Amino acid sequence: MKKICVVGLGYIGLPTSAIFAQAGFEVVGVDVNKKVVDSLNEGNIHIEEPGLPEVVEKVVREGKLRASITPEEADVYIVAVPTPIHEDLTANVDYVKSAVEAIVPHIKEGNVLIVESTIPPRTMDDLVAPIIKEAGLDPYKDVAIAHCPERVLPGHILRELIENTRIVGGITPEASKKAADVYRAVVKGEVMETEAVTAEMSKLMENTYRDVNIALANELVKISAKLGVNAHSVIELANRHPRVNIHLPGPGVGGHCLAVDPYFIVEKATEESPLIQTARKINNSMPHFVEAQVERLTAEIENPKIALFGLTYKGNIDDVRESPALDIAESLVKHPRLNVVAHDPHVREEQVSFPLYSFEDAVADAHLVVVLADHNEFKSLEIDQLKKRMKTPVVFDTKNCVPETNEITIYRLGDISQLKAIQE
Ligand SMILES: NC(=O)c1ccc[n+]([C@@H]2O[C@H](COP(=O)([O-])OP(=O)(O)OC[C@H]3O[C@@H](n4cnc5c(N)ncnc54)[C@H](O)[C@@H]3O)[C@@H](O)[C@H]2O)c1
């Protein structure tokens, strides 16, 4: 049975290590963070993912998975380190570079080197292959080098790692085949072979497709506000066309994938990507658009109390990375005229720079509740409680998730042409 060395033990690398170990491979997981290494060697994990603690505990106990601070000799290397963006919106591939450089002293002829991190197009050919060449090996012959992007949904990672279709792009057809065979040992979904640059672009285009389509929905919101149309009704009706799927508008696009990956394409083909760049601008403009509506709604109250509901970049998670809801909150809490409080049952105080309030304290004597994330708690908001506790029971729902009611006033982001300033 082959030995696999997985470099980077985060949301992707750790479950990947666990499923290969579970399938019988000898796996060594590598991370530069000593705490991560120590906790894994004790059979514990540092990330939240349903089902993962049990699998990790078992494979560590059985000696199939262990962790180390440095890479070691193996048959297959899998790189799953972060690829964030710099301030200037260019990709930071330094972690990938240093991970591959750390592998170099151990890699030998016949090995497979797979990068799972999301990377800009041509990274395998222009960054990874030259490092291997410098080490004295022929990257097109001696080592099978491939990119295999990840598309798992947090919360369902263990199932999706096995069931999803995988795209494996080698820098040669032989590399694609060898790397794809590694996945075929554990993946039940289809494993498709292609070229490295095609695999790189396909991953980036998946997220860019979603970003651009959300931008279209957000543009529809702004058009609808001007023309007196209900964008939510337009979307519902247009989507009854069998080949139309207008996405959901919202307060912006966040997270470390959708709000980041399009820039990897823009960086490499700036002149050729005006649509992608415009989509990014539209989505980035949404927090400000939402803030402007909050100001409009509260314009006639001297010191309005506003309760923001939800700070994460999507519903039912605790992740505030690149969250537009958080941007809105950070901006509005500083507003001199507004008394802004925030409530999010999924977020902890240490994740944010302002205090968090319970539902009851947030809505007490509030003039306006602004829903910024579609958590289940907000899909079943207790309208009676809002009516009882708020000074003026008005909700501005930017996620179109609060149930319909005649009991209180609810404005939805896609239907704001009739929006009236709240009167005390
Ligand atoms: N999390 C997701 O849902 C998801 C989905 C698709 C793609 N991706 C991509 O997968 C990659 C990894 O993402 P993640 O969410 O697992 O990241 P993460 O931040 O959860 O984990 C990355 C780990 O790599 C470690 N690390 C950094 N540099 C290292 C090095 N040189 N050597 C060894 N370890 C190193 C860090 O300490 C960290 O534990 C990124 O490119 C991301 O864009 C993530």
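These questions and answers walk through selected features of a predicted model.

Reader: Which residues are linked with Glu72 in a network of salt bridges?
Author: Glu72 sits in the loop between strand E3 (65-68) and strand E4 (76-79), and, leaving aside neighbours within four places in sequence, Glu72 is in contact with Lys3, Cys5, Val28, Arg66, Tyr77 and His106. With one of these residues, Lys3, the side chain of Glu72 makes a polar contact of 2.7 Å. The network of salt bridges that includes Glu72 also takes in Lys3, Glu26 and Arg66.

Reader: How many residues apart along the chain are Arg66 and Glu26, whose side chains meet in a salt bridge?
Author: A search of the whole structure finds 24 salt bridges, and in the one between Arg66 and Glu26 the N to O distance is 4.0 Å. Arg66 belongs to strand E3 and Glu26 to strand E2 (residues 26-30), so that the pair links distant parts of the chain, the separation being 40 residues.

Reader: Is Glu26 buried, partly exposed or exposed?
Author: Its partner Arg66 has a relative accessible area of 34%, which makes Arg66 partly exposed. Glu26 has a relative accessibility of 38%, and because the partly exposed class lies between 20% and 50%, Glu26 counts as partly exposed.

Reader: Where in the chain do Arg412 and Asp397 lie, and how many residues apart are they in sequence?
Author: Arg412 forms a salt bridge with Asp397, with the closest N and O atoms 3.1 Å apart. Because Arg412 lies in strand E13 (residues 409-412) and Asp397 in strand E12 (residues 394-397), the pair ties together parts of the chain whose separation in sequence is 15 residues.

Reader: Are Arg412 and Asp397 buried or exposed?
Author: For comparison, the side chains of Arg348 and Glu350 also meet in a salt bridge, at 3.2 Å from N to O, and there Arg348 is partly exposed at 40%, while Glu350 counts as exposed at 62%. In the pair of Arg412 and Asp397, each residue is buried.

Reader: Which side chain of opposite charge is nearest to Glu291, and how far away is it?
Author: Glu291 lies in helix H11 (residues 274-297), and, leaving aside neighbours within four places in sequence, Glu291 is in contact with Asp327, Ile328, Ser331 and Leu332. Although Glu291 is buried, it has no salt bridge. A salt bridge needs the nitrogen and oxygen atoms to be within 4 Å, and the nearest side chain of opposite charge is Lys334, at 9.5 Å.

Reader: How many residues of helix H10 are buried, and which helices do they pack against?
Author: Helix H10 (residues 261-268) is mostly covered, with 6 of its 8 residues buried. The buried residues are Asp261, Pro262, Tyr263, Phe264, Ile265 and Val266. They pack against two helices, H8 (196-227) and H11.

Reader: What kind of aromatic pair do Phe309 and Phe378 form?
Author: The structure holds 4 aromatic pairs, and in this one the rings are 5.1 Å apart from centre to centre, with 35 degrees between the planes. Phe309 is in strand E9 (residues 305-309) and Phe378 in helix H14 (residues 376-379), 69 residues apart, and the pair thus links distant parts of the chain. Both residues are buried. Because an angle under 30 degrees would count as stacked and one over 60 as edge-to-face, the pair of Phe309 and Phe378 is tilted.

Reader: Which residues are linked into a cluster by ring pairs?
Author: A pair of aromatic rings is described by the distance of the centres and the angle of the planes. Ring pairs link three residues into a cluster, namely Phe20, Phe25 and Tyr183.

Reader: What is the phi of Arg122?
Author: Most residues other than glycine have a negative phi, yet Leu89, in the loop between E4 and helix H4 (94-103), has a positive phi near 70 degrees. Arg122 is found in the loop between strand E5 (112-115) and helix H5 (123-134), and it counts as partly exposed at 39% relative accessibility. The phi of Arg122 is also positive, with a value near 85 degrees.

Definitions and conventions
Residues numbered from 1 in each chain as written. Predicted model: local features only at pLDDT ≥ 70, side-chain atom pairs only at ≥ 80, totals over all residues. Heavy atoms only, no water. Phe/Tyr/Trp six-rings, centres within 6.5 Å; stacked < 30°, edge-to-face > 60°. Helix = DSSP H or I, 4+ residues; strand = E, 2+ residues; numbered from the N terminus. Buried < 20%, exposed > 50% of the residue type's maximum accessible area, 1.4 Å probe, protein only. Lys, Arg positive; Asp, Glu negative; His and termini not counted. Contact = heavy atoms within 4.5 Å. Polar contact = N/O pair within 3.5 Å; in protein donor to acceptor, adjacent residues only side chain to side chain.
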